[in-house]
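Thank you all for coming. I would like to take you through one helix and its surroundings, so please keep the structure in view while I talk.

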Amino acid sequence: MLFRLALAAVFVGHAGMRLYLQHDLAQSAESLAIRGVPFSMALAWLVTVFELLGGVLLVLNRYTRWIALGFFLISVATMALVQVHAGWWVAEYGDGGMEFSAVVCAMCLFLAAVDRAQQEQRQPEETGLPVRVPQLGLPTLPRRG
């Protein structure tokens, strides 16, 4: 739950600042355009809306795996398009590098994996995977019909 709330706060915060400081959204789009990304303003808006809605859905624990994977893709794209040129370190030793984004990527993958495991635990009959008997920890086959 802590990772879900932390990721939600980070992405909603980024999107909120982009909207609050209107020039920041334009700068994001310009940064993408300089790197040859087509439809940069539309993409900046799409990412911003996804970050806002995705953050809210994470807080509500809805579609967690898919939102986390979307945030992972946004972070990887940001690292590849923008941050790789600034090096590894974000502050002190660098100028906007990608160490923070790498940690965010790891958190996203972890959250997606945990959500998948929880989904499989809740719906064993639908997944067809063996179910553990809680008292003994022994695997059993899912019940059919």
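Let me begin with a convention: angles under 35 degrees count as roughly parallel, over 145 as roughly antiparallel, 65 to 115 as roughly perpendicular, and the rest as oblique. This is a predicted model, in which local features need pLDDT of at least 70 and side-chain atom pairs count only at pLDDT 80 or more, while totals for chains, interfaces and linings use all residues. Residues are numbered from 1 along each chain as its sequence is written, and side-chain values use heavy atoms, with hydrogens and water left out.

Helices here are DSSP runs (H or I, at least four residues), numbered from the N terminus, and the one I have chosen is α4, which covers residues 64–81. Thr64 belongs to this helix, and it counts as buried because its relative accessibility is 2%, where buried means under 20% relative accessible area with a 1.4 Å probe, protein chains only. Beyond its neighbours within four places in sequence, Thr64 is in contact (heavy atoms within 4.5 Å) with Arg4, Leu58, Leu111 and Asp115. The buried residues of α4 also include Ile67, Phe71 and Met79, and among the elements covering the buried residues are α1, α3 and α5.

How, then, do α4 and α5 lie relative to each other? Their axes, which are lines fitted to C-alpha atoms over the stretch in contact, with angles running from 0 to 180 degrees between N-to-C directions, come within 8 Å and cross at roughly 160 degrees. The two helices, α4 and α5, are therefore roughly antiparallel. On the α4 side, the contact is made by residues including Thr64, Ala68 and Phe72, and on the α5 side by residues including Leu111 and Asp115.

How values were computed:
Buried means under 20% relative accessible area, exposed over 50%, partly exposed in between (1.4 Å probe, protein chains only).
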